[in-house]
Amino acid sequence: NLLPRFYDPQEGTIEIDDQNIRDISLSSLRKNLSLVSQDVILFDDTVKNNILYAKPSATDEEIIKACKFAASDDFIKKLPKGYKNMIGENGVRLSGGQKQRIGIARAVYNNPEILIFDESTNSLDKETEEKIINEINLFKKHKTIIMISHRAEILKYCDYIYKISSKKIKRIDS
């Protein structure tokens with residue numbers, strides 16, 4: 001919540017490329033950052049419009065590419081109206097894993113510089129999670145990826161591991 005500036009720190013600073021995030025406009029910061037949380041918020045609209053939420057000008061190609069990244073293109077195509085299928089308020093017509101994959105697609109198609117996954121693979125089966133993690137590994141070559149997880153198996157994919165407890169951050173050598 002601090003990095004996208006939903007809250008400002010009470011003490012200290014948060015910097016990106018040696019620049020205090022308080023000195024960056026909110027719109028610029030949030031344009032270059034995407035967050036996929038454990039609880040994805042979806043709207044009573046089509047699959048496509050839920051993905052387009054962050055950048056309405058995306059092409060169909062960009063949307064499909066993001067959905068393939070998020071391992072969601074296959075299940076979307078099987079819906080009665082595909083990408084034009086209504087998903088209900090907060091995605092009530094989708095499973096928990098499907099909702100998370102829509103959230104991941106929405107986050108990556110915007111092509112952010114920083115991508116934060118906050119427990120965002122918890123509702124996924126092992127096979128789908130592995131597909132997405134493999135895509136993240138390709139994506140991370142040019143981006144900053146922050147994975148927040150309580151699950152130890154996620155750690156094997158991380159370049160750096162930090163443990164946060166008792167208001168302290170400690171780097172753990174992997």
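Begin by selecting Tyr53, which is exposed, its relative accessible area being 55%. This is a predicted model, and the stops below move from an aromatic pair through the sheet and its helices to the salt bridges and a leucine in the first segment.

**The aromatic pair**

Keep Tyr53 displayed and add Phe43, since a search through the whole structure returns one aromatic pair. With ring centres 4.8 Å apart and ring planes at 35°, Phe43 and Tyr53 form a pair that counts as tilted, because planes have to be under 30 degrees apart to count as stacked and over 60 to count as edge-to-face. The two residues come from distant parts of the chain, ten residues apart: Phe43 belongs to the loop between strand S3 (33-37) and H2, while Tyr53 belongs to the loop between H2 and H3. Unlike Tyr53, which is exposed, Phe43 is partly exposed, at a relative accessible area of 34%.

**The sheet and the helices on it**

Next, show the strands as ribbons and look for the open sheet in which three strands follow the order S3-S4-S5 with parallel pairing. S3 and S5 are its edge strands, each of them pairing on one side only. Viewed along the sheet, neighbouring strands are turned against each other by 10° on average, if direction is ignored. Between S3 and S4 the parallel pairing extends over five bridges, and selecting Ser37 leads to its bridge partner in S4, Asp118. Helix H5 packs on this sheet, where H5 touches S3 and S4 and has a direction that makes about 175° with that of S3. Add helix H6 to the view as well: H6 lies across S4 and S5, and runs at about 145° to S5.

**The salt bridges**

How many salt bridges should a search by the distance rule return? The count comes to five, and three of these can be visited in turn.

Select Asp60 and Lys48 for one of them, in which the side chains meet with an N to O distance of 2.9 Å. This pair links distant parts of the chain, twelve residues apart, with Asp60 in helix H3 (residues 60-69) and Lys48 in helix H2 (residues 47-52). Asp60 is partly exposed at 46% relative accessibility, and Lys48 is likewise partly exposed, at 26%.

Move then to Lys143 and Glu113, whose side chains meet in a salt bridge at 3.4 Å, N to O. Lys143 lies in the loop between helix H6 (126-139) and strand S5 (144-148), and Glu113 in the loop between helix H5 (96-109) and strand S4 (114-118), so the contact ties together parts that are 30 residues apart in sequence. Lys143 is buried, with a relative accessible area of 16%, whereas Glu113 is partly exposed at 41%.

Within helix H6, select Glu127 and Lys131, a salt bridge whose closest N and O atoms are 3.7 Å apart. These two residues are separated by about one helical turn, because they stand four residues apart in helix H6. Glu127 counts as exposed at 55% relative accessibility, and Lys131 as partly exposed at 44%.

**Leu3 and its contacts**

Finish at Leu3, which is placed in the segment before strand S1 (15-16). Is Leu3 buried or exposed? Leu3 counts as buried, because its relative accessibility of 18% falls under the 20% limit. Not counting residues up to four places away in sequence, Leu3 touches several residues, among them Ile14, Leu33, Ile114, Ile116 and Ile146. From Leu3 to Leu42, the C-alpha to C-alpha distance is 22 Å, and the two are 39 residues apart in sequence.

How values were computed. Residues are numbered from 1 along each chain as its sequence is written. This is a predicted model: local features need pLDDT of at least 70, side-chain atom pairs count only at pLDDT 80 or more; totals for chains, interfaces and linings use all residues. Side-chain values use heavy atoms; hydrogens and water are left out. A salt bridge is a side-chain nitrogen of Lys or Arg within 4 Å of a carboxyl oxygen of Asp or Glu. Buried means under 20% relative accessible area, exposed over 50%, partly exposed in between (1.4 Å probe, protein chains only). Contact means heavy atoms within 4.5 Å. Rings of Phe, Tyr and Trp (its six-membered ring) pair if their centres lie within 6.5 Å; planes under 30 degrees apart count as stacked, over 60 as edge-to-face and the rest as tilted. Two strands pair if DSSP finds at least two bridges between them. Axes are lines fitted to C-alpha atoms, for helices over the stretch in contact, and angles run from 0 to 180 degrees between N-to-C directions.
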